[in-house]
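Open your viewer and keep the selection box handy. Here's a short walk through this one, stop by stop.

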Amino acid sequence: IYWYLRYFRGIIRHNKKETKGTIDFTTSLEPVSVVICARDEEQNLRQFLPLFLEQDYPEFEVIVVSDGSTDGTEDYLSLMRKSYPNLRTSFVPNGTASISTKKLAITIGIKAAKHELILLSDADCMPEGKDWIQKMARNFMPSVEFVLGYGGYLRKRGLLNKIIKFDTLFTAIQYLGMAQNRFPYMGVGRNLAYRKSTFFNKKGFAGLLHLQSGDDDLFVNQSATAENTRIEIDKSSTTCSEPKLTIKQWYVQKERHLSVSGDYKSTSKVKLLLEPFSRALFYATTIAIFVWGGINLNWLLIGLTALLFLIRYFIQLQTINKTAKILGERKFYFLILLLDIFLPLFTLYLLIFGKKNKKIRWK
């Protein structure tokens, strides 16, 4: 209950402040460089790239970096450049000796950027509105270096899609809510903005080149602070991606995302472990009290425990679904109870038995 009331309602509190007009936004919209990395993403680029190029914003460019693509990506980009003068392209050569060509591709894109404000997304993403850039860029007050946005997934049929959407929503409730409470610890590369000068002042990914992942969350974890970070939660500021369609694909994706969690700062790891630990303790003691109370016919204790369980569930229900409405996501009801237990156990399994993040020592 403490975690929900203190941190997980951060998006709701931020929305109330914005509604009341107590959050200041910049009125001088600086030029923006949108950087998108693509590896064999021709079909996704055909579907989503025009949505980036046709944003309603005074001055911006879109830089697509082909990360060793072998399909028709580069031919399609050459064709699109004829119709869109604000489209620029670059590439990572095939066979590049780097453990994370994604980090190299992002660095190439940022080096090529003409503007100070960098807005990142992926080739399989689509901005939810034509003012996506404007909503993210309005947060860059003089002291702001990072803007964290929400990146969701398209709605499909089936239980797996519901699990993916809940997992993504709850992750956002955590990292955006904690950032709103002055504890930014991660962002998602599907919707993330920072200053070009910040990227190079912090030496970019220099300390992360031995890691295969971490181009978004680790860079934010190392460099974002309570003073230089803001969140953006307007519906039109969000992006939406193609979800995984099989359990195996989702398993690999989760495994990759969790592979760098051990490289977070110690303060981040402690806070991120406390909540699931308290959750496990809550469920364990609840079950123990029901069993003990049933054996000893202590109905008062069972009743009080059930009441506390229902209070927590009501707080969950209200927090998650109100946040979902703000972000334009679907609502959840009884599935919350199942996933509240399943997802931490699944995460624990991946942390213990999943493939560890590959590390290579480079000379």
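## Stop one: helix α13

Start by selecting α13 and look for what's tucked away: L335, I336, L339, D340, L343, F346 and L350 are buried in this helix. Keep in mind as you go that this is a predicted model.

Which elements do the covering here? Show α1 (2-8), α7 (159-180), α10 (247-258), α11 (266-295) and α12, which are among what covers the buried residues of α13.

While α13 is still selected, try a quick ruler check between its end C-alpha atoms. The helix has 19 residues (335-353), so at 1.5 Å a residue it should span 27 Å; the ends sit 26 Å apart, which agrees.

## Stop two: R279 and its network

Now hop over to R279, in helix α11. Buried or exposed? R279 counts as buried because its relative accessible area is 8%, and the cut-off for buried is under 20%.

Put its contacts on screen next. Setting aside neighbours within four places in sequence, R279 touches F170, R312, D340 and P344. You've met D340 already, as one of the buried residues of α13.

Add E275 to the selection: E275, R279, R312 and D340 are joined into one network by salt bridges that share partners.

## Stop three: more salt bridges

A search of the whole structure turns up 14 salt bridges. Three of them make good stops.

Select K165 and E329, whose side chains meet with 2.8 Å from N to O. This pair ties together distant parts of the chain: K165 is in helix α7 and E329 in the loop between α12 and α13, 164 residues apart. Colour by accessibility and K165 comes out buried at 5%, as does E329 at 14%.

Next, pick E232 and R138, another side-chain salt bridge, at 3.0 Å from N to O. Here too distant parts of the chain are linked, with the two positions 94 residues apart: E232 is in the loop between β9 (229-231) and β10 (239-241), and R138 is in the loop between α6 (132-137) and β6 (146-148). E232 is buried, at 1% relative accessible area, and R138 is buried as well, at 8%.

For a local pair, go to R46 and E42, where the closest N and O atoms of the salt bridge are 3.0 Å apart. Why does about one helical turn separate them? Because R46 and E42 are four residues apart in helix α3 (residues 42-53). The general rule is that an α-helix has 3.6 residues a turn, so residues three or four places apart point the same way. Check their cover too: R46 is partly exposed at 42%, whereas E42 is buried at 15%.

## Stop four: the nonpolar cores

Time to go inside. The largest nonpolar core has 65 residues, and L148, F166, L169, Y175, L176, Y194 and I320 touch the most other members. Which helix should you highlight for the biggest contribution? Take α7, which gives the most to this core, with 12 residues.

Zoom in on Y175. Leaving out neighbours within four places in sequence, Y175 is in contact with L148, G149, Y150, G151, Y185, M186, G187 and V188. Another core lies apart from the largest one; this second core has 33 residues, including I36, L45, Y76 and A193.

## Stop five: a greasy spot outside

Back to the surface: select I1, L5, L300, L304, L307, L308 and I311, a nonpolar patch with about 640 Å² of accessible area together. Helix α12 (residues 299-327) supplies the largest share of this patch, five residues. Click on I311, which lies in α12 and counts as partly exposed at 38% relative accessibility.

## Last stop: two odd backbones

If you have a Ramachandran plot to hand, find D40. D40 isn't a glycine, yet its phi is positive, about 50°. You'll find D40 in the loop between β1 (32-38) and α3, partly exposed at 36%.

Then jump to R182, another residue other than glycine with a positive phi, near 70°. R182 sits in the loop between α7 and β8 (192-195) and is exposed, with a relative accessible area of 54%.

Key:
Residues numbered from 1 in each chain as written. Predicted model: local features only at pLDDT ≥ 70, side-chain atom pairs only at ≥ 80, totals over all residues. Heavy atoms only, no water. Patch = residues over 30% accessible without salt bridge, like charges linked within 9 Å, V, L, I, M, F, W, Y side chains within 5 Å. Areas by Shrake-Rupley, 256 points an atom, 1.4 Å probe, with all protein chains shown as cover. Salt bridge = Lys/Arg side-chain N within 4 Å of Asp/Glu carboxyl O. Buried < 20%, exposed > 50% of the residue type's maximum accessible area, 1.4 Å probe, protein only. Expected span 1.5 Å × (residues − 1). Contact = heavy atoms within 4.5 Å. Core = buried A, V, L, I, M, F, W, Y, C linked by side-chain atoms within 4.5 Å.
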